[in-house]
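The following note is offered as a colleague's reading of the structure. It takes up helix packing, the nonpolar interior and charged pairs in turn.

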Amino acid sequence: MRPLCVSDELFDEETVQRLGTALTPAHYGCYDAFRSAILAEFDDCDFLIVCEGDCLLEVPAAEFASKVFEAAALMNDHNIGYFSFGDSRTLEHGWLQSPVIQEIADQNLLYITNHIIGLQCIMFPKFTSKWLKERFRTEKWDASDMFFNQIFKVSPYRMGIVKKRITTQANGYSLIDKQDKSFL
């Protein structure tokens with residue numbers, strides 16, 4: 001989607017200001033992992049959850065499973081095609097990324113947003129499977145979070161996120177940023 005940003009290395013700050021963030025081989029690898037999982041595995045299932053390798057659950061597994069099924073029902077009832085169990089704020093600085101666009105009555109799990117940044121643990125309902133696969137076959141790539149935001153902003157589906165994160169990213173070495181990272 002941003003051919004001027006394709007680079008073997010991360011950009012310096014001046015180039016980021018001029019062109020945007022670089023799209024490195026690590027970014028493509030992340031995108032391709034999401035793409036491959038969705039194209040290969042999103043067939044005979046009610047929903048698909050895709051997690052990054054360094055995803056951490058912040059609640060017990062039984063509570064997480066309960067919230068998955070609650071989210072799945074709400075997604076079906078409210079045309080939510082893309083959902084995150086992660087944070088609405090950046091994990092490094094706490095900057096808001098997923099503003100509340102609409103509250104859904106009679107529940108306290110999630111809200112509708114227009115932007116999702118954290119992909120540690122995301123979910124798609126089966127009614128998006130064919131549409132999502134077609135996007136991966138026809139749209140140009142970008143960093144995974146930017147790709148999903150772009151395609152869902154012009155989709156017939158809504159985006160949702162938990163009000164309080166239940167998954168996060170482990171601290172450690174970032175292949176994309178090529179440095180050790182610690183998160184809030």
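1. Helix H2 passes helix H4 in a left-handed crossing. The structure is a predicted model, and the description below should be read in that light. The axes of H2 and H4 come within 10 Å and cross at roughly 135 degrees. The two helices, H2 and H4, are therefore oblique to each other.

2. The residues that meet at this crossing can be named. From H2 they are Tyr31, Arg35, Ile38 and Leu39, and from H4 they are Leu132, Lys133, Phe136 and Arg137. As a general matter, an α-helix has 3.6 residues a turn, so residues three or four places apart point the same way.

3. Leu132, one of the H4 residues that meet H2, deserves separate mention. Leaving aside residues up to four places away in sequence, Leu132 touches Ile38, Phe42, Phe124, Phe148, Ile151 and Phe152.

4. The largest nonpolar core comprises 20 residues. Those with the most contacts inside it are Ile38, Tyr82, Ile122, Phe124, Leu132, Phe148 and Phe152. At least two residues of this core come from each of H2, strand E1 (47-51), E6, H4 and H5. Helix H5 gives the most, with 4 residues. A second, separate core has 19 residues, among them Ala71, Leu74, Met123 and Ile166.

5. How many of the 10 residues of helix H5 (residues 144-153) are buried? The number is 7, so H5 is largely enclosed by the rest of the structure. The buried positions are Ser144, Asp145, Phe147, Phe148, Asn149, Ile151 and Phe152. They pack against two helices and three strands: helix H2 (25-41), helix H4 (129-138), strand E3 (80-84), strand E6 (121-125) and strand E7 (158-162).

6. Turning to charged groups, the count of salt bridges comes to 9. One of them joins Asp142 to Arg2, with the closest N and O atoms 2.9 Å apart. Asp142 lies in the loop between H4 and H5, and Arg2 in the segment before helix H1 (13-19), so the pair ties together parts that are 140 residues apart in sequence. Buried means under 20% relative accessible area. Asp142, with a relative accessible area of 2%, is therefore buried, and Arg2, at 16% relative accessibility, also counts as buried.

7. A salt bridge also forms between the side chains of Lys133 and Asp43, at 2.4 Å from N to O. Because Lys133 lies in helix H4 and Asp43 in the loop between H2 and E1, this pair ties together parts that are 90 residues apart in sequence. Lys133 counts as buried, at 9% relative accessibility. Lys133 is also among the H4 residues that meet H2.

8. The side chains of Lys126 and Asp46 form a further salt bridge, at 3.6 Å from N to O. Lys126 lies in the loop between E6 and H4 and Asp46 in the loop between H2 and E1, so the pair ties together parts that are 80 residues apart in sequence. Is Asp46 buried or exposed? With a relative accessible area of 52%, Asp46 is exposed.

9. Finally, Glu58, Asp87 and Arg165 are joined into one network by salt bridges that share partners.

Key:
Residues numbered from 1 in each chain as written. Predicted model: local features only at pLDDT ≥ 70, side-chain atom pairs only at ≥ 80, totals over all residues. Heavy atoms only, no water. Buried < 20%, exposed > 50% of the residue type's maximum accessible area, 1.4 Å probe, protein only. Contact = heavy atoms within 4.5 Å. Core = buried A, V, L, I, M, F, W, Y, C linked by side-chain atoms within 4.5 Å. Salt bridge = Lys/Arg side-chain N within 4 Å of Asp/Glu carboxyl O. Axes fitted to C-alpha atoms, helices over the stretch in contact; angles between N-to-C directions. Parallel < 35°, antiparallel > 145°, perpendicular 65-115°, else oblique. Left-handed = near helix turned anticlockwise from the far one by under 90°.
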